[in-house]
Amino acid sequence: MGTIRTKESLGRSLGFFQTFAIGTGTMIGAGIFVLPALAISAAGPAAILSFLLGGIISMATAISMAELATGMPKAGGSYYFISRAMGAAFGAVIGLGAWLALVFKGSFALIGLADYLFVLIPIPIMLTAVVTGLLLLFINYRGARSSGSLQNLIVIFLLLILAVFIIKGSFMFQTNKFTPFMPFGYSSIFATTGLIFISYLGITQLAAISEEVKDPSKNLPRAMIASVGVVTLIYVGVMVVVSGTLTLEESLNTFTPLVDVSVIMAGDFGKLMIVIAGLLATLSTANAAILSSSRFPFAMGRDALIPKWFVRIHEKHDTPYNAIVVTGFVMLLLLFLFNVEQLAKLGGTFNLLIFILINASVIILRHRSLEEYKPVFRDPFFPVTQIFGIVFCLALLPSMGTLSMVFSMFVIVIGLSWYQFYGRKKAFPKYDIFDVLENNIHPAPLKDSSKIKILVPIANPRHETDLLYLADNLGDQITGLNVIKVPQQTGLSDAREAFHEKRMAVDGILRDKFEQFPIVVGHEREYIIAFDHSITNSIMEQAEMGDVDFIIIGWHEVNRFHPTIGTVADKVLASAKNNIIVLNGYLPDKIGRIVVAYNGKANSLYGLHLAKRLSKSTGVKMHVLHVIKPDVDDDTKASLWQELEEIKNDTSVFGINVHLVESSSAESAIFSFLEEADLLIIGDSSKRFKFSLIGNLPYVLAKGYKGPVLIIKKHKPFSSERLNNIFMKKVKKLKLRVRRARND
């Protein structure tokens with residue numbers, strides 16, 4: 001009998017209207033019933049434009065969100081999109097930030113609900129908020145279907161009441177009440193937009209539950225765009241009615257302007273109906289916040305950014321019950337820490353940051369390859385929509401206040417620190433934002449069938465034989481480059497003529513050695529003599545012109561000071577736009593074994609690939625050594641063994657031996673494994689921004705091992721070496737301009 005495989009998952013139980021109801025209910029909730037008083041006090045009747053501007057910005061992001069959601073309909077929404085577009089570090093920050101944004105909005109809604117209930121029954125505000133929060137926590141704990149059904153009923157009643165409010169109010173308002181329309185100036189419109197921006201946070205909730213939506217390719221875009229459109233119309237309609245019914249002075253003297261307008265419309269009955277609407281709206285907001293925000297810790301737990309405890313699914317209700325419980329209790333805790341306005345601004349600030357990264361993610365994924373990203377819906381106005389959303393969100397951030405900005409920076413620091421100390425080695429995805437920008441999300445070694453071009457700068461006759469031997473066995477096309485360094489006082493043409501007259505003896509030796517290669521039949525070769533004032537510049541130029549895959553250089557004099565500076569090899573390491581093979585030491589007459597120090601990262605993968613080519617070409621036995629810490633858990637150890645077994649089963653190479661060694665010191669384990677005449681191949685440190693030209697482990701091994709060490713360094717455009725090279729070039733250009741100016 002075959003093995004039955006089981007899988008925990010969330011069923012797709014939400015249709016279009018349920019999805020629309022969650023987004024609409026969250027956006028239309030506490031925002032329109034609690035924020036109008038604050039908005040009018042900050043901008044007067046011009047607050048109408050603030051809600052309209054917020055809706056337009058949100059619509060741009062809704063379109064971006066729709067494309068992302070149809071391309072990757074997974075639980076976690078904005079967290080999932082941003083982490084896949086920008087890497088796990090951004091995922092840690094935005095996962096925490098997006099979760100907190102919804103939690104803040106849920107707390108904000110609970111206070112709003114308590115305020116409206118207090119109008120009817122004088123129950124303590126905090127008591128009402130806490131009891132309601134616990135009730136909603138219980139409902140969401142039992143499952144998305146019951147929660148979605150409650151959301152449908154709330155939104156239907158809410159839309160009916162607000163529709164009546166707007167229609168009836170449109171026949172009552174007086175145009176003279178709109179004057180002065182902008183009592184606090186143009187800047188107040190923008191500042192107020194930031195204040196009320198938390199109202200539009202519901203759009204992220206739709207993406208967060210995308211994994212539970214039926215037919216997401218159709219229902220998600222429709223629900224997102226419809227939600228933002230309907231909510232914006234209602235916001236603007238309500239603000240027009242309030243501003244046209246109450247004078248500015250009356251609006252400034254009330255915390256519940258909608259209640260005051262309803263009393264004018266229909267007396268106590270109108271008051272009762274709008275209070276019921278306020279209760280339904282705030283209840284809807286808090287409910288949807290718990291429903292959606294619990295998905296962020298669930299998704300982060302699935303990516304190993306937080307403990308697996310959050311990923312557990314309830315056996316009966318099929319809900320991420322631990323994530324829901326934590327979300328609910330944090331929401332209740334915030335009730336005791338912040339007031340209504342602070343909750344609104346804090347939630348709005350995180351909302352703006354999310355919107356910025358969502359729009360940026362669409363731009364990135366349109367220009368970079370991600371296998372899992374296959375959107376059914378594509379923004380027809382790309383990239384105008386995304387640029388508009390990013391620019392306006394950035395412009396709104398300063399209006400959120402010092403507390404919001406400081407708290408946001410604190411969350412960013414916490415997120416990055418958590419990733420660095422907890423999730424860096426095990427979190428998924430494994431790539432970062434720089435890998436994405438380099439279009440190197442899934443780094444893989446060159447295919448066995450591909451032709452490798454290698455450039456060999458040759459200057460040391462003793463080292464040349466080793467470099468050419470390696471190039472011949474690793475590559476298919478070999479270019480030998482002898483750079484004749486010319487003094488600045490001598491023209492390059494003059495130097496070339498003098499060279500032909502004298503025929504330098506050193507070049508004759510180098511050329512004779514080059515003529516001995518290739519040993520491997522069929523390999524192409526080319527010998528170039530270049531005249532240049534800078535050896536490094538000539539190497540860079542020839543590598544670019546020849547479109548080479550690797551530059552192979554000798555680094556046989558390791559300075560005790562790390563890193564070494566000033567030699568040609570160091571300058572090539574710091575400046576090259578190509579992959580580099582560095583040979584430290586000299587090859588023995590006969591290589592005993594090829595030993596690959598392997599860790600699964602990009603440079604290590606390239607080292608493994610080149611080791612296979614060298615093993616096949618020379619017939620030398622190959623050993624792959626992976627050193628792990630003694631405290632590695634059994635699951636990780638089993639996964640590493642499986643990876644090594646796959647390497648061992650590569651039939652293209654005869655007899656690969658694999659070794660998984662436990663040791664607290666990788667250097668000691670590798671030194672103990674090496675035998676005399678072994679060739680050690682190791683990938684350079686995968687740390688992108690480091691001060692040394694060669695990583696610590698390769699450097700220690702190169703310095704401590706008496707035999708040859710081959711270090712593989714894959715080019716990364718975004719690295720400390722590359723940035724430093726760009727900086728130094730600018731400094732040189734500046735110095736040249738200053739020198740010319742002095743001469744003039």
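Q: Buried means under 20% relative accessible area, and exposed means over 50%. With that in hand, are Asp303 and Arg84 buried or exposed?
A: This is a predicted model, and in it the side chains of Asp303 and Arg84 meet in a salt bridge, at 2.5 Å from N to O. The pair links distant parts of the chain, with Asp303 in the loop between α13 (295–302) and α14 (321–334) and Arg84 in helix α4 (residues 78–86). As for cover by the protein, both Asp303 and Arg84 are buried.

Q: Let's step back for a moment: what percentage of the residues of the protein chain count as buried?
A: The chain is built with 28 helices and 10 strands. Its accessible surface comes to about 33100 Å², and carbon and sulfur atoms hold 60% of that area. Out of 744 residues, the share that counts as buried is 55%.

Q: Among contacts with a separation of 6 or more, what percentage come from residues 24 or more positions apart?
A: A contact here means heavy atoms within 4.5 Å. Taking the contacts in the protein chain with a separation of 6 or more, the part due to residues 24 or more positions apart is 83%.

Q: How many salt bridges does a search of the whole structure find?
A: Side chains of opposite charge can pair when their charged atoms come close. To count as a salt bridge, a side-chain nitrogen of Lys or Arg must lie within 4 Å of a carboxyl oxygen of Asp or Glu. Searching the whole structure on that basis gives a total of eight.

Q: How many residues apart in sequence are the parts that Glu662 and Lys637 tie together?
A: The side chains of Glu662 and Lys637 meet in a salt bridge, with N and O 2.8 Å apart. Glu662 belongs to strand β8 (residues 656–662) and Lys637 to helix α25, so this pair ties together parts of the chain separated in sequence by 25 residues.

Q: Does Glu662 count as buried, partly exposed or exposed?
A: The partly exposed class lies between buried, under 20%, and exposed, over 50%. Glu662 has 43% relative accessibility, so Glu662 counts as partly exposed.

Q: Which residue forms a salt bridge with Asp684?
A: Look for a partner whose closest N atom is 2.8 Å from an O atom of Asp684. Asp684 lies in the loop between β9 (679–683) and α27 (696–704), while the partner is in strand β10 (residues 709–713), 29 residues apart in sequence. Asp684 is buried, and so is this partner. The partner is Lys713.

Q: Which residues do salt bridges that share partners join into one network?
A: Shared partners turn separate salt bridges into a network here. The members are Arg593, Glu675 and Asp678.

Q: Which helices each supply at least two residues of the nonpolar patch?
A: The patch on the surface is formed by Phe16, Phe17, Ile156 and Leu160, with about 350 Å² of accessible area together. Phe16 is found in helix α1, and at 33% relative accessibility, Phe16 counts as partly exposed. The helices that each supply at least two patch residues are α1 (16–28) and α7 (144–170).

Q: In which helix is the place of Asp635?
A: Asp635 gathers with Asp631, Asp633 and Asp634 in a surface patch of negative charge. Because its relative accessibility is 59%, Asp635 counts as exposed. Residues 634–648 make up the helix that holds Asp635, namely α25.

Q: Which residue does a cis peptide bond join to Phe382?
A: The omega of this bond is about 0°. The residue joined to Phe382 lies in the loop between α15 (340–367) and α16 (384–396). That residue is Pro383.

Q: What is the omega of the cis peptide bond that joins Thr179 and Pro180?
A: Pro180 lies in the loop between α7 and α8 (187–196). For the cis bond between Thr179 and Pro180, omega is about -5°.

Q: What value is phi of Asp547 near?
A: Asp547 is found in the loop between α22 (535–546) and β4 (550–554). At 57% relative accessibility, Asp547 counts as exposed. Its phi is positive although Asp547 is a residue other than glycine, with a value near 50°.

Key:
Residues numbered from 1 in each chain as written. Predicted model: local features only at pLDDT ≥ 70, side-chain atom pairs only at ≥ 80, totals over all residues. Heavy atoms only, no water. Patch = residues over 30% accessible without salt bridge, like charges linked within 9 Å, V, L, I, M, F, W, Y side chains within 5 Å. Areas by Shrake-Rupley, 256 points an atom, 1.4 Å probe, with all protein chains shown as cover. Lys, Arg positive; Asp, Glu negative; His and termini not counted. Charge placed at Lys NZ, Arg CZ, Asp CG, Glu CD. Helix = DSSP H or I, 4+ residues; strand = E, 2+ residues; numbered from the N terminus. Buried < 20%, exposed > 50% of the residue type's maximum accessible area, 1.4 Å probe, protein only.
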